[in-house]
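Grab a pencil and open the viewer: here are some exercises to work through, each with its solution. Try each task before you read on.

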Amino acid sequence: MTAWQVWIDTGGTFTDCLAQRSGGAPRRAKVLSSSALRVQVVAPLAAAAVRLEELPLASGALTGWRLRRLAGEGTAESLPLARWDAGERRLELGAPPATALAAGEVVELASPEEAPVLAARLATATPPDAPLPPLNLRLATTLGTNALLERRGAPVALFVTRGFADLLLIGTQQRPELFTLRIERPPPLFAEVVEVDERLAADGSVLLPIDVERLAAPAAALLARGVTSAAVALLHSFRAEDHERRLAQALSAWGFAHVSASAALAAEQGYLPRTETAVVDAYLAPVLEGYLGRIAAALGEEGRRRLLVMTSAGGLVPRRAFRAKDGLLSGPAGGVVGAAAAGRRSGFERLLTFDMGGTSTDVARVDGDFGYVFEQRIGAARLLAPALAIETVAAGGGSICCFDGSQLRVGPESGGADPGPACYGAGGPLCLTDVNLLLGRLDPRRVQIPLDPAAAEAALTAVQEAIRSRGAPLPAREALLDGFLRIADERMAEAIRQVSVRQGYDPADYALLAFGGAGPQHACSLAELLGIAAVVVPRDAGLLSAAGLGAARLERFAVRQVLRPLAEVEASVAGWLQELAAEARRQVAADGGGEAEVRRTLLELRFAGQETALEVEPESGESLEGAFRRRYRELYGYLPEARPLELVALRVVASARAAGVQREEPAAAYRPRPAGQRRAWLGGEWVAARCFEREDLLPGATFDGPALVAEAHAATVIEPGWRASVDGAGALVLRASRGAG
């Protein structure tokens, strides 16, 4: 049997899935990341049976499933389920509810399996009581990020060189809010600190040998208290790993389930971030390994071997090679990879990617290839791990819109998947999705999750009452809703400026590629704020992070830290790069990627005496110093007086070879017939917007705004003054058309 190719991205609110078998059409699924489906009751059939609206689940026994009645319906009752008959749309409950389920009531059907497994079942039409078919699964997830931010990791024992027990408590001593009088520091991620009698000099030579056996007693005491995850971070171990390696091996032998050694994770200078990296990895490893293990168990023996996981750097690694610290941005990275591939199919190499989902918005800049960062901050933790240069802002469809007593706010708090926006019917607050719904920019009939406009209106009334109770002037209804839209748009535009203007690049030189369930609703407004003339909305915009997994490749980084004056080592650079290239290729081949290619060669340089380095890629015939000075001027607008340069590090990225992306030829233009029209708030006024179905728009279709384009997992808003056309790749390309009618 031909294996399915399945690509799944689990976000904070939704889990997106694309699946395809050789020669077949792609199949799509979208479920709540809480492993649940929301569905509406059509009619009660018996005391313990109801008829549901269309549900994309094959018939079968629902062992372990539960029906949850949403709090917004007046009860939070949870009932076991027995069986689903897809033909009759009949759901049998394992017990009758306390009060009968009513026609029109929205309920949740919660699966006992992880959300990716549920999504794979829907996409492959596998019954809930049958094993999944053979499949090759590529997975991205924000589970690690959420666990870190919500403090849901495992207790960690930190082993450090004696005298550095307070290293992470002291940190950098920076104050993120200078004028805050009451400083509340978050508690450390580690539970215990053990000081180790050992010491290396700055060059890696041994000053005090380590005696591993002396640590057996404190290790046993930790294990007895249930601490089974350890982080090992010894001073200067990036120069010589022997002490860390020996201690890590001993801890594993003594019974620690997870041991993270700092130099093995990031053999780079910086004791503080290297220690933080080891602690975060040890803190999250049990959570992620348990999660991946449960998914692998549902795939069968062959599927387990073929499971690939997306890293924060946009590459794939086998499950056995995946480390927790490398996957904190794996979901957003999948979106950037998918956006780059979609942009190339439509002929756009320079892109600003705009991924607006249910919880947050992620933006990045693509100049033919990706930008990277090698030190990232997630919450209060600073990590040494390669990642795509992605800027995230807490503005998504689930961002809460409120009045805080003095001003209107959008986010950073989110309604998430549960209870979600008010229109989900679970008692949630007014969120950005509600705002778009109330302004007619979202058609509730074209959204897979049932939406309740009355619940959204009630949440808006609650905000109006909050404004009135404070004696503040109450704006008109439309002005209030439009104000929330403008606040969200400005916050997202500022995130895009961070990856463009703040890095020395003009947004006007790029196309805005919008995706995510909510991104295309706000794309035209953002483009106008940023002076961008072209917006691209690719096919499957609501599932593009999952599509990015299909475009991703097996990939590995190899790094060498140098920390030497450039003049002393420049002659050795070519040889070092060859060694790193061979190392990265070997790792890709070992992962099953076959003959790999060197995709990027990155060098970090800085002026002597500076702390911050710049990443450069010399152009053909350009010297290292010339490349550095060019990039320095682009970023800062000037060059300081002549100073010697220091070579900080070399990095090589090797990837499995990929098939080329062919640009599709444009088709002859034609004017499509709208499916109807809808009253919507566009361009600051109520207008009659024409409505189009995305699947009816063939290549060559051209039409003007104001218009709304609906599809299964996203909605596109085309503001007045913009013209839309469908290119040969099936993407909607929007261009400012000033005066077009």
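**Exercise 1. Which handedness does the crossing of H12 and H13 have, and which residues make the contact?**

Step 1. Bear in mind that you're looking at a predicted model. In it, the crossing of H12 and H13 is right-handed.

Step 2. Now the geometry. Helix H12 covers residues 477-499 and helix H13 covers residues 519-530; their axes come within 9 Å and cross at roughly 60°.

Step 3. Classify the angle. Roughly perpendicular starts at 65 degrees and roughly parallel stops under 35, so H12 and H13 count as oblique to each other.

Step 4. List who touches whom. H12 brings Leu485, Asp489, Glu490, Met492, Ala493, Ile496 and Arg497, while H13 answers with His522, Ser525, Leu526, Leu529 and Leu530. Sorted by class, the residues of this contact are seven nonpolar, two polar and three charged.

**Exercise 2. Find how the axes of H11 and H12 are placed, then sort the contact residues by class.**

Step 1. Two numbers do the describing for a packed pair: the angle between the axes and the distance between them.

Step 2. For helix H11 (residues 453-469) and H12, the axes come within 12 Å and cross at roughly 95°. That angle puts H11 roughly perpendicular to H12.

Step 3. On the H11 side, the contact uses Glu457, Leu460, Val463, Gln464 and Ile467; on the H12 side, Arg477, Leu480, Leu481 and Phe484.

Step 4. Sort them, and you get six nonpolar, one polar and two charged residues.

**Exercise 3. Is Ser262 buried or exposed, and what is around it?**

Step 1. Locate Ser262: this residue is in helix H6 (residues 262-265).

Step 2. Check the accessibility. Ser262 has a relative accessible area of 1%, and the cut-off for buried is under 20%, so Ser262 is buried.

Step 3. Look at the contacts, skipping neighbours within four places in sequence. Ser262 is in contact with Val232, Ala233, Leu234, Ser237, Glu244, Ala267, Arg274 and Ala278.

**Exercise 4. Now do the same for Pro419: where is this residue found, and what does it touch?**

Step 1. Pro419 is found in the loop between strand E26 (408-414) and helix H10 (432-438).

Step 2. Its relative accessibility is 26%, so Pro419 counts as partly exposed.

Step 3. Leave out residues up to four places away in sequence, and Pro419 touches Arg38, Tyr424, Ala426, Gly427 and Gly428.

Step 4. For a sense of scale, take Thr433: Pro419 and Thr433 are 14 residues apart in sequence, and their C-alpha atoms are 13 Å apart in space.

**Exercise 5. Work out the strand order of the open sheet of four strands, and which strands stand at the edges.**

Step 1. The order is E33-E34-E36-E37, and the pairing is mixed.

Step 2. Strand E33 (676-682) and strand E37 (714-718) each have a single partner strand, so they stand at the edges, with one side of each left without a neighbour in the sheet.

Step 3. From one strand to the next, the twist averages 30°.

Step 4. Zoom in on one pair. E33 and strand E34 (residues 685-693) run antiparallel and are joined by seven bridges. Arg679 stands opposite Ala688 in E34.

**Exercise 6. Track down some unusual backbone: where are the cis peptide bonds of Pro412 and Pro706, and what is phi at Ala125, Arg151 and Gly405?**

Step 1. Recall the background: most peptide bonds are trans, and most residues other than glycine have a negative phi.

Step 2. Start with the bonds. Gly411 to Pro412 is cis, with omega near 5°, and Pro412 is in strand E26. Gly705 and Pro706 are also joined by a cis bond, with omega about 10°; Pro706 lies in the loop between strand E35 (702-704) and strand E36 (707-711).

Step 3. Turn to phi. Ala125 has a positive value near 55°, in the loop between helix H1 (115-124) and strand E11 (135-141). Arg151 has a positive phi of about 60°, in the loop between helix H2 (143-149) and strand E12 (156-161).

Step 4. Compare accessibility: Ala125 is partly exposed at 46%, and Arg151 is partly exposed at 33%.

Step 5. Finish at the hairpin of E25 and E26, which has four residues between the strands; there Gly405 takes a positive phi near 110°. Strand E25 (residues 399-403) and E26 run antiparallel, joined by four bridges, and Phe403 has Leu408 as its bridge partner in E26.

Terms used. Residues are numbered from 1 along each chain as its sequence is written. This is a predicted model: local features need pLDDT of at least 70, side-chain atom pairs count only at pLDDT 80 or more; totals for chains, interfaces and linings use all residues. Side-chain values use heavy atoms; hydrogens and water are left out. Axes are lines fitted to C-alpha atoms, for helices over the stretch in contact, and angles run from 0 to 180 degrees between N-to-C directions. Helices (H or I, at least four residues) and strands (E, at least two) are DSSP runs, numbered from the N terminus. Angles under 35 degrees count as roughly parallel, over 145 as roughly antiparallel, 65 to 115 as roughly perpendicular and the rest as oblique. A crossing is left-handed if the near helix is turned anticlockwise from the far one by less than a right angle, and right-handed if clockwise. Contact means heavy atoms within 4.5 Å. Ala, Val, Leu, Ile, Met, Phe, Trp, Tyr, Cys and Pro count as nonpolar, Asp, Glu, Lys and Arg as charged, and the others, Gly among them, as polar. Buried means under 20% relative accessible area, exposed over 50%, partly exposed in between (1.4 Å probe, protein chains only). Two strands pair if DSSP finds at least two bridges between them.
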